[in-house]
Amino acid sequence: MNIVVCVKQVPDTEVERKLTAGDSTLDRVSVDGVINYLDEFAIEEALTIAEAHEGEVTILTMGPAKASESIRKALSMGAHKAVHVIDDGLAGSDALATSLALAAALKVVGFDLAVFGSEATDARTGVVPAMVAERLGVPQLTLAGKVDVSGSEVTIRRVSDEGYAVVTASLPAVVSVVEKINEPRYPTFKGIMAAKKKPVRTLTLADLSIDAGAVGLAGAASWVEDFAARPPRAAGVVVKDEGDGGGKVAGFLSDRKFI
Amino acid sequence: MAEVLVLAEHTDSGEVKKVTLELLTAAGRLGSPSVVWTGPDVGAGLGRLAEYGAEKVYTCDSPDLSGYVVAPVAELLALLVESAGPAAVLIASTGEGKEIAGRLAVKTGSGVLTDVTGVTAGDNGGLVAEQPNFGGAITVRSTVRTGTPVITIRPNAITAEPSPAPAAAVEPVEFAASDAARGARVTGHVVAEKGDRPDLTEAQIVVSGGRGTGSAEGFAIIEKLADALGAAVGASRAVTDAGWYPHQFQVGQTGKTVSPQLYVAVGISGAIQHRAGMQTSKTIIAINKDAEAPIFEVADYGVVGDLFTVVPQLLDDIDKQKQI
């Protein structure tokens with residue numbers, strides 16, 4: 001069974017992130033890149049399924065040269081090989097263009113199951129897995145809180161605020177998993193050493209037969225006109241509880257007509 | 001004026017969700033609002049939709065729309081985009097809403113903007129959308145350059161304003177999904193017990209608890225305070241990581257983003273990860289025993305103290321207020 005996990009390298013969310021003044025793209029240079037936290041659950045799920053079904057896990061990443069750091073980390077977790085879609089023409093791609101490149105790469109690589117995290121912590125659009133399924137014309141089993149593969153069928157629990165729906169489809173299919181579906185493993189020392197020898201194939205736009213005008217900033221269907229830092233919140237009042245803290249909060253709530 | 005399509009969200013019993021009224025208000029700023037109503041008879045919902053400005057309601061009760069994951073709904077919307085030539089399509093920015101938007105954008109070759117908190121009409125019939133980025137630290141103004149803009153709007157971001165339309169015209173739509181759209185079959189539903197609390201992302205008031213609650217038992221005081229205020233319950237990542245409260249209630253960078261009128265952070269230190277999910281709340285109250293906790297930097301009112309003495313006193317006072 002051939003499982004491909006789409007992994008994105010994103011700026012570390014523990015530090016302040018910025019947009020570049022010139023073209024309003026995300027400043028990916030001055031901030032450390034890490035694997036999108038939500039993709040770690042996708043990698044773990046893929047590895048678990050592969051272990052149970054004699055599968056092979058391929059990491060698929062689109063991004064600049066720096067993204068190879070995240071590819072290595074994913075390989076050190078236990079994935080078997082990787083594909084890196086890398087092309088200067090892809091810089092500044094919106095979700096539409098990203099899904100175009102990923103769908104094309106998935107076609108080239110081939111897959112039974114394509115696994116995504118629920119969203120990336122930088123743009124947080126959450127639309128790419130659905131877009132990729134649409135482009136490939138394969139079933140979309142997204143926002144999964146549980147994934148079961150049996151023979152040529154995949155069944156998930158699609159979670160929502162209302163509860164969950166049970167969804168079934170035939171392979172090949174696109175799956176996205178939600179945070180905490182599993183407990184992502186840490187790379188072992190052995191894994192880190194082994195990762196150095198695992199194959200990483202690179203694909204360019206030409207390899208994917210994608211016209212440079214269709215992706216990147218040049219092909220962007222959505223456009224950032226301008227941006228501004230949110231004005232800082234006005235300083236509030238902080239009091240120390242002297243046995244009257246609860247009463248003071250009640251007073252504030254009542255002044256503001258919340259109670 | 002061009003139509004603006006609004007995908008309605010409603011309960012199984014046909015009650016229109018608040019976010020749909022907010023979408024109608026946004027649609028009215030861009031053109032003439034037309035609702036797309038999926039599922040059984042629009043019934044009593046019709047009056048409500050007209051009250052908030054719906055001039056037309058497309059209804060479609062094809063079983064395909066609920067029998068398969070999002071693809072059929074996107075297909076239906078694509079058909080209506082083709083036939084009605086709308087200025088934009090507005091969808092609620094929920095997990096499912098964003099997926100429908102994504103598929104529709106691919107089908108129609110259009111730009112998609114998600115988590116939008118405001119729209120205004122732009123030049124040449126276009127629109128300008130406001131999106132908070134990085135948990136609200138930056139506000140971006142975006143436009144769509146290609147196709148019919150597909151916009152998902154965050155619940156609770158736009159205030160729904162009544163704008164009575166004379167009477168919404170109902171237009172039934174015949175629809176059957178393609179084979180490709182019927183790949184992911186829904187075979188069952190399990191409804192979580194939710195009680196009477198409002199939805200986290202739609203609530204006017206959210207009470208969230210953090211590590212300071214100490215345990216699942218300790219967290220119960222958060223639910224008590226939420227119920228006293230008619231609020232939704234939220235939790236920090238520390239709490240959901242520890243398993244003290246279910247993951248779907250997590251507020252933060254990787255959980256829900258909320259923007260209520262009032263956010264009460266109890267026993268939450270306020271790391272970047274958490275602030276990213278709540279710092280656009282209108283009013284913020286923080287209760288924490290650590291005076292240095294970063295949550296106080298964003299709080300309108302903060303109390304430095306033990307939550308297990310402050311909150312019970314607060315509950316007593318709310319109780320007294322109610323008896324007056």
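In this predicted model, four strands form an open sheet in the order β12(A)-β8(B)-β7(B)-β6(B), and their pairing is antiparallel. The sheet has an edge strand from each chain: β12 of chain A, residues 222-229, and β6 of chain B, residues 118-121, each of which pairs on one side only. From one strand to the next the twist averages 25°.

Consider the edge at β6(B). This strand is joined by 4 bridges to β7(B), residues 127-133, and the two run antiparallel. Within this pair, A121(B) stands opposite L127(B).

A second pairing also links the two chains. Strand β13 of chain A, residues 237-240, runs parallel to strand β16 of chain B, residues 301-304, and 4 bridges join them. Here V238(A) is the residue opposite G302(B) of β16(B).

These pairings can be set beside the contact between the chains as a whole. How many residues of chain A are in contact with chain B? There are 68, and they touch 74 residues of chain B. The chain A side of this contact is made up of 33 nonpolar, 17 polar and 18 charged residues.

Strand β13(A) also helps to cover a helix. Helix α6 of chain A spans residues 245-255, and its buried residues are G245(A), G246(A), K248(A), V249(A), A250(A), F252(A) and L253(A). In an α-helix there are 3.6 residues to a turn, so residues three or four places apart point the same way. What covers the buried residues of α6(A)? The cover includes β13 from chain A, and from chain B it includes β15 (283-288), β16 and α10 (307-323). Just after the helix, K257(A) has a positive phi of about 65°.

The last part to look at is a pair of helices in chain B. Two packed helices are described by the angle between their axes and by the distance between those axes. For α4(B), residues 71-84, and α5(B), residues 95-108, the angle is about 45° and the axes are 9 Å apart. Because an angle that is neither roughly parallel, roughly antiparallel nor roughly perpendicular counts as oblique, α4(B) is oblique to α5(B). Their crossing is right-handed.

Which residues meet where these helices pack? From α4(B) they are A71(B), V73(B), A74(B), L77(B), A78(B) and V81(B), and from α5(B) they are I100(B), R103(B), L104(B), K107(B) and T108(B). By class, this contact has 8 nonpolar residues, 1 polar residue and 2 charged residues.

Methods: Residues are numbered from 1 along each chain as its sequence is written. Chains are lettered from A and ligands numbered from 1 in the order in which they are written. This is a predicted model: local features need pLDDT of at least 70, side-chain atom pairs count only at pLDDT 80 or more; totals for chains, interfaces and linings use all residues. Axes are lines fitted to C-alpha atoms, for helices over the stretch in contact, and angles run from 0 to 180 degrees between N-to-C directions. Angles under 35 degrees count as roughly parallel, over 145 as roughly antiparallel, 65 to 115 as roughly perpendicular and the rest as oblique. A crossing is left-handed if the near helix is turned anticlockwise from the far one by less than a right angle, and right-handed if clockwise. Two residues are in contact if their C-beta atoms, placed from the backbone, lie within 7 Å. Ala, Val, Leu, Ile, Met, Phe, Trp, Tyr, Cys and Pro count as nonpolar, Asp, Glu, Lys and Arg as charged, and the others, Gly among them, as polar. Two strands pair if DSSP finds at least two bridges between them. A residue is buried if 20 or more other C-beta atoms lie within 10 Å of its own, exposed if 12 or fewer, and partly exposed in between; C-beta atoms are placed from the backbone.
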